[in-house]
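Biologist: Can you take me through the charged pairs and the sheet in this one? Short answers are fine.

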Amino acid sequence: MTFDIRNIRKSFEGTEVLKDVSMEIGTGEFVALLGPSGSGKTTLLNIVAGLQHPDSGTLSLDGEDITRLSAGARHFGMVFQSYALFRHMSVAENIGFGLKVMPRGSRPSRRQIAARVEELLEMIELPGLGERYPAQLSGGQRQRVAMARALAINPRLLLMDEPFSALDAQVRQSLRASVRDLQQKIGVAAILVTHDRAEAWALADRIAVMGEGRILQYDRPERLREAPASEAVRVLAADAS
């Protein structure tokens, strides 16, 4: 899989939020968008997800132009900071929701959905908790369920918007290691939005350092430290050590 972002621009009420942003993501790669508030990272993620459309530029997946494709048609998994679980549904129902609403021709059978849910419960280390409700889980457990729901549909790309920021430091550190392990096990490419330097360095194969709507540098963590392209990148890399 190759996901290509080319020359993306986006303005809101005359203010340019993304300024000619380009990057590519390879098969199974974990990429972090790192930068302060207002750097454009969440807007870029929303454009990738199909929740917003760029003013100009293109998105392509394995050579297919998906720039104007609807969010649902992209078949991407999304994990939010707020978990966004359905409170009236059990854990199992939450995980299987995306499978149940697939078009009739591609929708798995009830038995297949149940088997997929059980498989994911094992993978997120919550076996036997399928009948519980979100309110009965800890924050870390709820985030694991949100991850399983995103992965249930076998997404072409996994998108995460600051998924650990609502958790305390100890849980956050434990959970991010589990997420990286799960992402590698599934083999899906992932994009993570974060303002946490240590998190980006711990998780990502490559990091896109963003500032004022631009990508200041896009490279492997060790290269950002060894050969920063600007003072802003150098400071970020030093602070992440």
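Modeller: A definition to start with: partly exposed means a relative accessible area between the buried class, under 20%, and the exposed class, over 50%. Glu222, at 38% relative accessibility, therefore counts as partly exposed. Keep in mind that this is a predicted model.

Biologist: Which residue forms a salt bridge with Glu222?
Modeller: Arg220 does, and the closest N and O atoms of the two are 3.0 Å apart. Arg220 is partly exposed as well, with a relative accessibility of 39%.

Biologist: Which residues are joined into a network by salt bridges that share partners?
Modeller: Glu24, Glu29 and Arg206 are joined into one network that way.

Biologist: How many salt bridges does the count come to?
Modeller: Twelve, counting a side-chain nitrogen of Lys or Arg within 4 Å of a carboxyl oxygen of Asp or Glu.

Biologist: What does Lys10 meet in a salt bridge?
Modeller: The side chain of Asp55, at 4.0 Å from N to O. The two residues are 45 apart and link distant parts of the chain. Lys10 sits in strand 1 (residues 3–12), while Asp55 is in the loop between helix 1 (41–49) and strand 4 (56–61).

Biologist: Is Lys10 buried or exposed?
Modeller: Buried, because its relative accessible area is 11%, and the limit for that class is under 20%. Asp55 has 47% and is partly exposed.

Biologist: And Arg156, which residue does that one form a salt bridge with?
Modeller: Glu64, with 3.8 Å between the closest N and O atoms. Arg156 lies in the loop between helix 5 (139–152) and strand 7 (158–161), and Glu64 lies in strand 5 (residues 64–65), so the pair ties together parts that are 92 residues apart in sequence. Both count as partly exposed: Arg156 at 30% relative accessibility and Glu64 at 36%.

Biologist: Switching to the sheet. What order do the four strands have?
Modeller: The order is 2-1-4-5 in an open sheet, and the pairing is antiparallel.

Biologist: Which strands stand at the edges?
Modeller: Strand 2 (15–25) and strand 5. Each has a single partner strand, so one side of each has no neighbour in the sheet.

Biologist: How many bridges are there between strand 1 and strand 4?
Modeller: Five, in the antiparallel sense. Arg9 stands opposite Ser56 in strand 4.

Biologist: Which strands does helix 1 touch?
Modeller: Helix 1 packs on the sheet and touches strand 1, strand 2 and strand 4. Its direction makes about 120° with that of strand 1.

Terms used:
Residues are numbered from 1 along each chain as its sequence is written. This is a predicted model: local features need pLDDT of at least 70, side-chain atom pairs count only at pLDDT 80 or more; totals for chains, interfaces and linings use all residues. Side-chain values use heavy atoms; hydrogens and water are left out. Buried means under 20% relative accessible area, exposed over 50%, partly exposed in between (1.4 Å probe, protein chains only). Two strands pair if DSSP finds at least two bridges between them. Contact means heavy atoms within 4.5 Å. Axes are lines fitted to C-alpha atoms, for helices over the stretch in contact, and angles run from 0 to 180 degrees between N-to-C directions.
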